[in-house]
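User: I'd like to go through this model step by step. Can you take my questions one at a time?

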Amino acid sequence: MQSIIHLEGIRKSYYMGKQELQVLKGIDLDILKNEYVALMGPSGSGKSTLMNILGCLDSPTGGKYVLNGHDVSKMADDNLADIRNKEIGFVFQQFNLLPRLTALENVALPLVYAGIGRKQRTEMAMDVIGKVGLQDRSHHKPNELSGGQCQRVAIARALVNNPSLILADEPTGNLDTKTSIEIMDIFGKIQAGGNTVVLVTHEEDIANHAKRIVRLRDGLIESDKTQAGTLQHA
Ligand code: ADP
Ligand code: MG
């Protein structure tokens, strides 16, 4: 099976004046198409830094990143934006919805940027809104929705371009346990539908819904385990 993510010696440093903070110190990682991976690790271990690199939102200081056959570590910003729009759906802890737009409008927004006409946008957006179970809330604005519903809208927005890779940085960080499990089940269904899902969580119970758990510590991979009796998703 082909790797959708191939990392070789990925390093990332932040510089404050002359002082260098080495956050990622040489990450080697392969994630295959259609895997469901949880990335764990203590606060400050570099999870978000790695996710931002995986999502082409930030570039590594060194090393090689091949995303779905494209060597993105050598790519210019314009091409990178293109790959990002085609290949990646990103979900954030804070949902990042636009407050004045309805759920439907939030979900359809990436399609506006892609130049797709209104009728087709609405059809495509309603299709993914159905996948996250929010058909009857599509005309509500974020402040009329619960946290879990807002995160479903954000997941639908990440899915609307039909990206091969879904990345989510602490998507359940603002949600209670029951809602978090519902969100994990949605990611499980997305994976079952053929996408690759990589998400960050610091809760063991939540991570156990994924099929593989990669742990970071001090900028290196500490462990990488594929689970045997993984929870089954409908
Ligand atoms: P995690 O998501 O695992 O909590 P992060 O990747 O957010 O960790 O951060 C790893 C380290 O990098 C932390 O020490 C953090 O303070 C530092 N860091 C993150 N982003 C920046 C930045 N833009 N500039 C400087 N330091 C940063
Ligand atoms: Mg983080």
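The questions below start with the whole chain and end at the ligand.

User: What radius of gyration does the chain have, set against a compact globule of 234 residues?

Analyst: Keep in mind that this is a predicted model. A compact globule with 234 residues would come out near 17 Å, and the chain agrees with that. The C-alpha atoms fill a box of roughly 50 × 40 × 40 Å along the principal axes. The chain's radius of gyration is 18 Å.

User: How many helices and strands does the chain have?

Analyst: Let's put some background first: of the 234 residues, 41% are buried. Among contacts with a separation of 6 or more, 68% link residues 24 or more positions apart. The count for the chain is 7 helices and 10 strands.

User: Which strands stand at the edges of the open sheet of 4 strands?

Analyst: The order in this open sheet is 2-1-4-5, and the pairing is antiparallel. An edge strand here has a single partner strand, so one side of it is left without a neighbour in the sheet. That description fits strand 2 and strand 5 (70-71).

User: Which residue is the bridge partner of H6 in strand 4?

Analyst: In general, strands of a sheet pair through backbone hydrogen bonds, parallel or antiparallel. Strand 1 (residues 3-16) and strand 4 (residues 62-67) run antiparallel, with 5 bridges joining them. Look across from H6 into strand 4 and the bridge partner is V66.

User: Is helix 5 largely enclosed or largely open, and how many of its residues are buried?

Analyst: Helix 5 covers residues 147-159 and reaches 18 Å from its first C-alpha to its last, close to the 18 Å expected. Its buried residues include C150, V153, I155 and L159. They pack against strand 6 (88-92), helix 3 (103-113), helix 4 (118-131), strand 7 (165-169) and helix 6 (177-192). Helix 5 is largely enclosed by the rest of the structure, because its buried residues number 10 of the 13.

User: Which element gives the largest share of the shell around ligand 1?

Analyst: The residues around ligand 1 are Y14, L21, V23, G41, S43, G44, S45, G46, K47, S48 and T49. Two elements give two or more residues to this shell, namely strand 2 (19-32) and helix 1 (47-54). The largest share is 3 residues, and it comes from helix 1.

User: How many nonpolar, polar and charged residues are in that shell around ligand 1?

Analyst: Among the shell residues are L21, G44, K47 and S48. Sorted by class, the shell around ligand 1 has 3 nonpolar, 7 polar and 1 charged residues.

Note on methods
Residues are numbered from 1 along each chain as its sequence is written. Chains are lettered from A and ligands numbered from 1 in the order in which they are written. This is a predicted model: local features need pLDDT of at least 70, side-chain atom pairs count only at pLDDT 80 or more; totals for chains, interfaces and linings use all residues. A residue is near a molecule or strand if its C-beta atom, placed from the backbone, lies within 6 Å of it. Ala, Val, Leu, Ile, Met, Phe, Trp, Tyr, Cys and Pro count as nonpolar, Asp, Glu, Lys and Arg as charged, and the others, Gly among them, as polar. The radius of gyration is taken over C-alpha atoms; the globule rule is 2.2 Å times the number of residues to the power 0.38. A residue is buried if 20 or more other C-beta atoms lie within 10 Å of its own, exposed if 12 or fewer, and partly exposed in between; C-beta atoms are placed from the backbone. Two residues are in contact if their C-beta atoms, placed from the backbone, lie within 7 Å. Two strands pair if DSSP finds at least two bridges between them. The expected span of a helix is 1.5 Å times one less than its number of residues.
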